[in-house]
Amino acid sequence: MHVRHAVARGLGLAALIAGTIVGVAAAPAAAAPDCIVIKDISYYSGQILAEADWFCYSTGQSTPWPVAIQRQDAAGNWVTLASGTGSASYSCVGTATKTYRTGGTVKDRSVTAACG
């Protein structure tokens, strides 16, 4: 009789622990961000072109976002050459190789072109 009670208690305790573990595992995870900023920059036919949009996965909607075209000067500072909402362009002057970027945050894009 004592063995049955011990086994029953052991099984009950195991079921309680398993239920607790399953309950913890079933808790909802933190939701991923629904909307993101998407930026791109390119060089084409003598122009630097930049684009930025705020895109939401849940709706599939894209909204123009502020964007800038910056170039690094000789001292290492970034200088804004053009800006806009959704897009911006800069007509190249010269053929020296320079690096251009869409802004100063971590996720910004850059391009190097012979566009001085």
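Student: Let's start with one cysteine: is Cys-56 buried or exposed?

Tutor: This is a predicted model, in which local features need pLDDT of at least 70 and side-chain atom pairs count only at pLDDT 80 or more, while totals for chains, interfaces and linings use all residues. Residues are numbered from 1 along each chain as its sequence is written, and side-chain values use heavy atoms, with hydrogens and water left out. Buried means under 20% relative accessible area, exposed over 50%, and partly exposed in between (1.4 Å probe, protein chains only). Cys-56 has a relative accessibility of 13%, so it counts as buried.

Student: Which residue forms a disulfide with Cys-56?

Tutor: A disulfide is called when two cysteine sulfur atoms lie within 2.5 Å. Here the sulfur atoms are 2.0 Å apart, and the partner of Cys-56 is Cys-35.

Student: How many residues apart in sequence are the parts that Cys-35 and Cys-56 tie together?

Tutor: Strands (E, at least two residues) and helices (H or I, at least four) are DSSP runs, numbered from the N terminus. Cys-35 belongs to strand β1 and Cys-56 to strand β2, so the link ties together parts whose separation in residues is 21.

Student: What is the handedness of the disulfide between Cys-92 and Cys-115?

Tutor: Cys-92 and Cys-115 are joined with an S to S distance of 1.5 Å. The torsion about their S-S bond is about -95°, so this disulfide is left-handed.

Student: And what pattern do the disulfides of the chain follow?

Tutor: The whole structure holds two disulfides. With bonded cysteines counted along the chain, the pattern is 1-2, 3-4.

Student: Moving to a charged side chain, which residue's side chain makes a polar contact of 2.6 Å with Lys-39?

Tutor: Lys-39 sits in strand β1 (residues 35–44), and with 18% relative accessibility it counts as buried. Its contacts (heavy atoms within 4.5 Å) beyond four places in sequence include Glu-51, Thr-102 and Arg-109. A polar contact is a pair of N or O atoms within 3.5 Å; within protein, one must be able to donate a hydrogen and the other to accept it, and residues adjacent in sequence count only if both atoms are side-chain atoms. The side chain paired with Lys-39 at 2.6 Å is that of Asp-108.

Student: Which element gives the most to the largest nonpolar core?

Tutor: A nonpolar core is a set of buried Ala, Val, Leu, Ile, Met, Phe, Trp, Tyr and Cys residues joined through side-chain atoms within 4.5 Å. The largest one has 13 residues, and Ile-41, Ile-48, Ile-69 and Tyr-100 have the most contacts inside it. Two or more residues come from each of β2 (47–56), β4 (66–72), β6 (87–91) and β8 (110–114). With three residues, the element giving the most is β2.

Student: How far apart in space are Trp-65 and Gly-84, C-alpha to C-alpha?

Tutor: Trp-65 is placed in the loop between β3 (61–64) and β4, and its 33% relative accessibility makes it partly exposed. Gly-84 is one of the residues it touches beyond four places in sequence, along with Val-37 and Trp-54. The two are 19 residues apart in sequence, and their C-alpha to C-alpha distance is 8.3 Å.

Student: Last one: over which residues does pLDDT stay under 50?

Tutor: pLDDT is the predictor's confidence in each residue, from 0 to 100, and the chain averages 79. One stretch has zero contacts beyond four places in sequence, and its pLDDT stays under 50: residues 1–24.
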